[in-house]
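Could you walk me through this protein in the viewer, one selection at a time? I would like to know what to pick next and what is there.

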Amino acid sequence: MGSQHNYTQPPQQASFDGFLFDMDGTLIDSTEAIVKQWRKIGTELGLNPEEILKTSHGRRSIDIFKIIAPHKATWDYVREVEGQLPLLYGDLAFEIPGARSLLDPLIAQSAPWAVVTSGTEPLVLGWLKRLKLAIPEHLVTAESVQNGKPDPTCYRLGLEKLGLQDRPGQVLVLEDAPAGIKAGKAAGCKVIGLVTSHTVEQVVAAEPDWVVQDLESVRVVGREGGKVTIEISNALVQ
């Protein structure tokens with residue numbers, strides 16, 4: 001989405017105590033599956049699916065249902081619907097470039113990390129298993145908080161799970177959605193914004209610390225003194 005822009009920042013290195021990853025648009029791209037699911041749901045409910053899709057990315061399904069169909073806004077229903085996605089449309093999702101090559105060395109270095117997502121637990125675990133990506137020890141899902149992104153509670157909870165709530169500035173959030181970027185910043189973290197699901201302008205407007213096209217621009221350099229050093233290359237020149 002940002003190929004016409006200038007991604008030529010010289011490589012920069014930064015060290016962090018922990019890492020918090022968004023899920024969809026950051027580690028995986030299940031856009032096509034989500035579109036099919038919302039079109040199916042919209043048709044079943046007699047609603048215009050395209051209107052739903054305009055504001056669905058990066059938001060919790062339960063928050064969308066509260067607006068479009070309050071009688072469906074229950075965790076039992078949302079977990080059931082989202083849990084079906086990897087089963088019905090598993091072939092339509094793929095890894096974000098660089099996701100596996102970033103996660104594997106982080107895990108090898110025993111770096112603290114977690115997934116903080118607007119999806120439910122059945123959805124997250126379903127996709128990670130389907131795509132054979134690492135399942136984190138710590139997970140913050142839609143059910144974990146009362147309010148979704150851009151409310152920073154989800155990332156604050158992620159910090160607590162890593163035991164780093166007193167050092168948010170030493171934790172890196174990786175996000176694609178403006179709401180998630182804002183949540184990470186409001187939690188006090190450093191944020192890399194990925195231009196995978198929104199325009200460059202939308203990502204920049206959310207004010208992340210770095211903007212890259214995908215995770216191929218982020219690699220692990222090493223670990224020393226409890227901190228993991230990463231290198232960020234080909235970031236957006238602003």
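Start with the two domains of this predicted model: their centres, taken over C-alpha atoms, are 23 Å apart. To colour them, select 12–29 + 93–232 for domain 1 and 31–89 for domain 2, following the domain assignment.

**The interface**

Now show the residues where the domains touch: 22 come from domain 1 and 16 from domain 2. About 1500 Å² is buried between the two domains, and carbon and sulfur atoms give 57% of that area. Across the interface there are 6 residue pairs in polar contact. On the domain 1 side, helix α6 (residues 121–130) supplies the largest share, with 6 residues. That side of domain 1 divides into 7 nonpolar, 9 polar and 6 charged residues.

Which side chains meet in a salt bridge here? Select R79 and E143, with N to O at 2.4 Å. Between domain 1 and domain 2, the count is 1 salt bridge.

**Around T120**

Next, click on T120, in the loop between β5 (113–116) and α6. Is T120 buried or exposed? T120 counts as buried because its relative accessibility is 0%. Its side chain makes a polar contact with the side chain of E82, at 2.7 Å. Beyond its close sequence neighbours (within four places), T120 is in contact with residues including W75, V78, R79 and E143.

**Inside domain 2**

Move on to helix α3 (residues 61–68) and show its buried residues: S61, I62, D63, I64 and F65. Display α1 (31–45), α2 (49–53) and α4 (75–89) as well, since the buried residues of α3 pack against these helices.

Stay with α1 and select K40 and E44, whose side chains form a salt bridge at 3.0 Å, N to O. The two are separated by about one helical turn because they are 4 residues apart in helix α1. E44 is exposed, at 53% relative accessible area, while K40 is partly exposed, at 35%. For another salt bridge, select E51 and K54, also listed at 3.0 Å, N to O. E51 is partly exposed at 44%, and K54 is exposed at 62%.

**A buried pair**

Finally, select K149 and E175, a salt bridge with its closest N and O atoms 2.6 Å apart. K149 lies in the loop between β6 (138–140) and α7 (153–162) and E175 in strand β7 (residues 171–175), so this pair ties together parts 26 residues apart in sequence. K149 is buried at 9% relative accessible area, and E175 is buried at 1%. As a last stop, show D17, R167 and K227, joined into one network by salt bridges that share partners.

Technical notes
Residues are numbered from 1 along each chain as its sequence is written. This is a predicted model: local features need pLDDT of at least 70, side-chain atom pairs count only at pLDDT 80 or more; totals for chains, interfaces and linings use all residues. Side-chain values use heavy atoms; hydrogens and water are left out. Domain bounds come from an automatic or database domain assignment. Contact means heavy atoms within 4.5 Å. Buried area is the accessible area (1.4 Å probe) that two parts lose on being put together, summed over both. A salt bridge is a side-chain nitrogen of Lys or Arg within 4 Å of a carboxyl oxygen of Asp or Glu. A polar contact is a pair of N or O atoms within 3.5 Å; within protein, one must be able to donate a hydrogen and the other to accept it, and residues adjacent in sequence count only if both atoms are side-chain atoms. Ala, Val, Leu, Ile, Met, Phe, Trp, Tyr, Cys and Pro count as nonpolar, Asp, Glu, Lys and Arg as charged, and the others, Gly among them, as polar. Buried means under 20% relative accessible area, exposed over 50%, partly exposed in between (1.4 Å probe, protein chains only).
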